[in-house]
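Me: Hi, I have a structure open and would love to talk it through. Could you help me read it?

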Amino acid sequence: MIYTVTLNPALDYFMEYEQIEIGDVNRTSTTRMTPGGKGIMESRMLSLLGTPNTALGFIGGFTGQAIRDALIEQGITTDFTQIAANSRVNVKVKTVSEETSLDSAGPKLTPEDVEHFLQKFEFLTEDDIVVFAGTAPKSLGDDFYDRLIEAVVARGAQFAIDVDGQKLLRTLTNRPLVIKPNREELEEMFDVKFEHKEDIIPYGQKNVGSRC
């Protein structure tokens with residue numbers, strides 16, 4: 001089984017306008033809501049490709065229920081950890097020329113929430129793959145992905161990962177199956193600035209070399 005992990009899911013609320021007048025009343029032409037978070041996007045893509053997968057993470061409140069319902073409607077299996085706090089809402093304001101994203105920090109998780117979530121990793125097998133993607137709530141601390149990866153490796157499962165630069169760099173010694181740093185994350189990882197696309201290649205090769 002492929003499991004995707006979204007530690008800080010969101011209900012993304014898209015609002016479209018012809019233009020925005022700051023300090024005035026603006027009436028939207030179109031609105032829509034959709035589940036958000038990198039791991040959830042991975043689940044949606046796997047589902048479109050006909051690959052069975054299960055979405056993991058923390059959800060709570062009416063926003064969390066909306067996230068779960070939308071995924072189930074899309075045929076995606078979910079095994080979220082239920083929490084008392086509401087899942088976050090991110091507002092995406094789009095005009096003809098640009099898009100502005102107003103992202104919230106997300107809920108504070110309790111030790112009990114974390115313990116219930118970690119229990120799900122006790123049932124992994126060598127046939128499983130876990131996909132870690134996106135940011136973690138601040139209440140989980142800076143090393144939470146490290147803890148999850150240790151649990152995956154201890155059970156002989158494999159993992160793929162798409163997280164911020166330095167966090168990603170720390171995972172390479174555990175031999176991830178796939179990594180997906182973008183340009184900005186590679187620049188952060190190696191403290192460089194790329195002027196041309198060709199400049200990226202040696203740093204991608206460094207990541208591959210670190211995994212070997």
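Me: Leaving aside neighbours within four places in sequence, which residues is N90 in contact with?

Reply: Happy to help, and do keep in mind that this is a predicted model. With neighbours within four places in sequence set aside, N90 is in contact with A10, L11, D12, Y13, L102, D103 and S104.

Me: And where does N90 lie?

Reply: N90 lies in strand β7.

Me: Buried or exposed, that N90?

Reply: Buried: the relative accessible area of N90 is 3%, and buried means under 20%.

Me: How far apart in space are N90 and M45?

Reply: From C-alpha to C-alpha they are 21 Å apart, with their positions 45 residues apart in sequence.

Me: Let's go to pockets. What volume does the largest pocket have?

Reply: The largest pocket comes to about 240 Å³.

Me: Which residues lie nearest its centre?

Reply: G37, K38, R88, G134 and T135 lie nearest the centre, out of 17 residues that line the largest pocket. Two elements, β2 (10–16) and β7 (88–94), each give two or more residues to that lining.

Me: Which element gives the largest share of the lining?

Reply: That would be β7, which supplies 3 residues. This is the strand that holds N90.

Me: How does the lining divide into nonpolar, polar and charged?

Reply: The lining of the largest pocket has 3 nonpolar, 7 polar and 7 charged residues.

Me: New topic: T54. Where is T54 found?

Reply: T54 is found in strand β4, which covers residues 53–60. T54 is buried, because its relative accessible area is 7%, under the 20% cut-off.

Me: What does T54 touch, not counting residues up to four places away?

Reply: T54 touches M1, I2, Y3, T4, S43, T77, T78 and D79.

Me: What about P52, is it buried or exposed?

Reply: P52 counts as exposed, because its relative accessibility is 60% and exposed means over 50%. P52 is found in the loop between α1 (38–48) and β4. Not counting residues up to four places away in sequence, P52 touches M1 and I2. Those two residues are also among the ones T54 touches.

Me: How many ångströms separate the C-alpha atoms of P52 and G75?

Reply: They are separated by 9.5 Å, and the two residues are 23 apart along the chain.

Me: Let me step back to the whole chain. How many helices and strands are there?

Reply: There are 7 helices and 11 strands in the chain. The radius of gyration is 19 Å, close to the 17 Å from the globule rule for 212 residues, so the chain is as compact as a globular protein of that length.

Me: What box do the C-alpha atoms fill?

Reply: Taken along the principal axes, the box is roughly 55 × 45 × 35 Å.

Me: And how much of the chain counts as buried?

Reply: Of the 212 residues, 40% count as buried. The accessible surface of the chain comes to about 11,900 Å², and 52% of that belongs to carbon and sulfur atoms.

Me: What share of the contacts with a separation of 6 or more comes from residues 24 or more positions apart?

Reply: Those residues account for 60% of such contacts in the chain.

Me: Now A157. Where does A157 lie?

Reply: A157 lies in the loop between α4 (144–154) and β10 (158–162). Despite the loop position, A157 is buried, with a relative accessible area of 8%.

Me: What is A157 in contact with, apart from neighbours within four places?

Reply: A157 is in contact with L124, T125, E126, D128 and V152. For L124, the C-alpha atom is 6.7 Å from that of A157, although the two are 33 residues apart along the chain.

Me: One last residue: what is the phi of R175?

Reply: Phi of R175 is near 55 degrees, a positive value in a residue other than glycine. Most residues other than glycine have a negative phi. R175 is found in the loop between α5 (165–171) and β11 (178–179).

Me: And how accessible is R175?

Reply: R175 is partly exposed, with a relative accessible area of 46%.

Key. Residues numbered from 1 in each chain as written. Predicted model: local features only at pLDDT ≥ 70, side-chain atom pairs only at ≥ 80, totals over all residues. Heavy atoms only, no water. Helix = DSSP H or I, 4+ residues; strand = E, 2+ residues; numbered from the N terminus. Buried < 20%, exposed > 50% of the residue type's maximum accessible area, 1.4 Å probe, protein only. Contact = heavy atoms within 4.5 Å. 1 Å grid on protein atoms, 1.4 Å probe; cavity = no way out; pocket = protein on both sides within 12 Å on 5 of 7 lines; lining within 4 Å. Points joined across faces, edges and corners; volume = space filled by probe spheres on them. Nonpolar A, V, L, I, M, F, W, Y, C, P; charged D, E, K, R; others polar. Rg over C-alpha atoms; globule rule 2.2 N^0.38 Å. Areas by Shrake-Rupley, 256 points an atom, 1.4 Å probe, with all protein chains shown as cover.
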